[in-house]
Every structure is written in structure tokens, then in C-alpha cells.
Amino acid sequence: MTEQDEAWFDEAAGPLVRPYAVTGGRTRSDQFGLDMITLVVSLMSVTEAAGLPPEYAKIVRLCQRPLSVAEVAAHIDLPLPVVKVLLSDLIEQNYVIFRRAAPVSETPNKHVLQAVLDGIRKL
């Protein structure tokens, strides 16, 4: 096999560390109620994150602007539950903050939205 074949094979094989090893065996972290559309943003700079373990540093680099939990998982190529555990660790340490989507009960009702739409049409 040539070096090019080996490089292709290694990349296609995926991560060398199992996801449960990345989280220290933890599979759930429900303490913050993170879901797929929860927005997260880092409070650390990229240079401050250099001392963190690689997966945590990747998350901090990505979250310099607000991203959803699902976007973070897609960018770092780890399963969503693993990313939730890692984000929970970062939130506990005050390295990342989060904002949940508004519950359905707090969204404006249909009449308010229709009034806004009518006002915009009058412009």
C-alpha cells in the first residue's frame, strides 16, 4: 500500500477514540436541559482554550459566535449526546453560556403575529 492509500484508509476509519472515552464514560447530562436548538456561545477566547483537552478546545473555537447544539455536533463530528455532555462540562466551568429556545407558551399568539404582519403591509 502507498502512503496515499494509508491516509485515505485512516481518515475513512473515523475517530480513533470511542465517544464514551471522550466523555469519561458518561452518557447523559440532563442538568441544563440542552436540546438540539439550544444556542451556545463561548466566554473564552481561542487562545485561552489552547490548554483544554482537544474536544473541549474545538467546541470553544467553534462557539466564538452563537451556534446551536446540533451545529456544534455536526462541526466536530461527534454524536449529539456526547456533545451535550461536553457542553455541560464547559457550562459548569463557566467557559460557555447557553440560551434555550422560548417555550411554546411564551411565543406570541396568532393574533399578535397577524397584527404585526398587517402593520408591515401598510408600510
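## Fold and packing of a predicted protein chain

Read along the sequence, the chain follows the pattern α-α-β-α-β-α-α-β-α, which amounts to six helices and three strands. Helices (H or I, at least four residues) and strands (E, at least two) are DSSP runs, numbered from the N terminus. This is a predicted model, in which local features need pLDDT of at least 70, side-chain atom pairs count only at pLDDT 80 or more, and totals for chains, interfaces and linings use all residues. Residues are numbered from 1 along each chain as its sequence is written, and side-chain values use heavy atoms, with hydrogens and water left out.

### Confidence

pLDDT is the predictor's confidence in each residue, from 0 to 100. The protein chain averages 83, and 74% of the residues score at least 70. Confidence is highest in β1, at 96, and lowest in helix α1 (residues 3-13), at a mean of 52. Where pLDDT is low, the predicted coordinates should not be read in detail.

### The sheet

The three strands form an open sheet in the order β2-β1-β3, with antiparallel pairing. Two strands pair if DSSP finds at least two bridges between them. The edge strands, β2 (67-68) and β3 (96-99), each pair on one side only. Strand β1 (residues 39-42) is joined to β2 by two bridges, and to β3 by four. V40 has L67 of β2 as its bridge partner, while V41 has I97 of β3.

The side chains of β1 alternate: V40 and S42 point to one face and are buried, whereas L39 and V41 point to the other and are not. Here buried means under 20% relative accessible area, exposed over 50%, and partly exposed in between (1.4 Å probe, protein chains only). Buried residues make up 27% of the 123 residues in the protein chain.

### Helix α5 and the core

Helix α5 (residues 80-92) has 13 residues, which at 1.5 Å a residue should span 18 Å; its end C-alpha atoms are 18 Å apart, which agrees. The expected span is 1.5 Å times one less than the number of residues. The buried residues of α5 include V82, V83, V85, L86 and L87.

A nonpolar core is a set of buried Ala, Val, Leu, Ile, Met, Phe, Trp, Tyr and Cys residues joined through side-chain atoms within 4.5 Å. The largest one has 24 residues, and V40, L52, I59, V72, V83, L87 and L90 touch the most other members. The elements that give two or more residues to this core are α3 (54-62), α4 (69-76) and α5. Among the elements, α5 gives the most, with six residues.

Contact means heavy atoms within 4.5 Å. Not counting residues up to four places away in sequence, L52 touches M44, A57, V60, L90 and Y95. D89 has its place in helix α5, and it counts as buried because its relative accessibility is 9%. Leaving aside its neighbours within four places in sequence, D89 is in contact with R26 and Y56. Among contacts in the protein chain between residues at least 6 apart in sequence, 67% join residues at least 24 apart.

### An aromatic pair

Rings of Phe, Tyr and Trp (its six-membered ring) pair if their centres lie within 6.5 Å; planes under 30 degrees apart count as stacked, over 60 as edge-to-face and the rest as tilted. By this rule the count comes to one aromatic pair. F32 and F98 form it edge-to-face, at 5.6 Å centre to centre and 65° between the planes. The pair links distant parts of the chain, 66 residues apart: F32 is in the loop between α2 (19-22) and β1, and F98 is in strand β3. F32 counts as buried, at 18% relative accessibility, while F98 is partly exposed, with a relative accessible area of 25%.

### Positive phi in two loops

Most residues other than glycine have a negative phi, and most peptide bonds are trans. D77 has a positive phi although it is not a glycine, and so does N94. N94 comes just after α5. The table gives the loop and the exposure of each.

| Residue | Phi | Loop | Relative accessibility |
|---|---|---|---|
| D77 | about 60° | between α4 and α5 | 61%, exposed |
| N94 | about 60° | between α5 and β3 | 57%, exposed |
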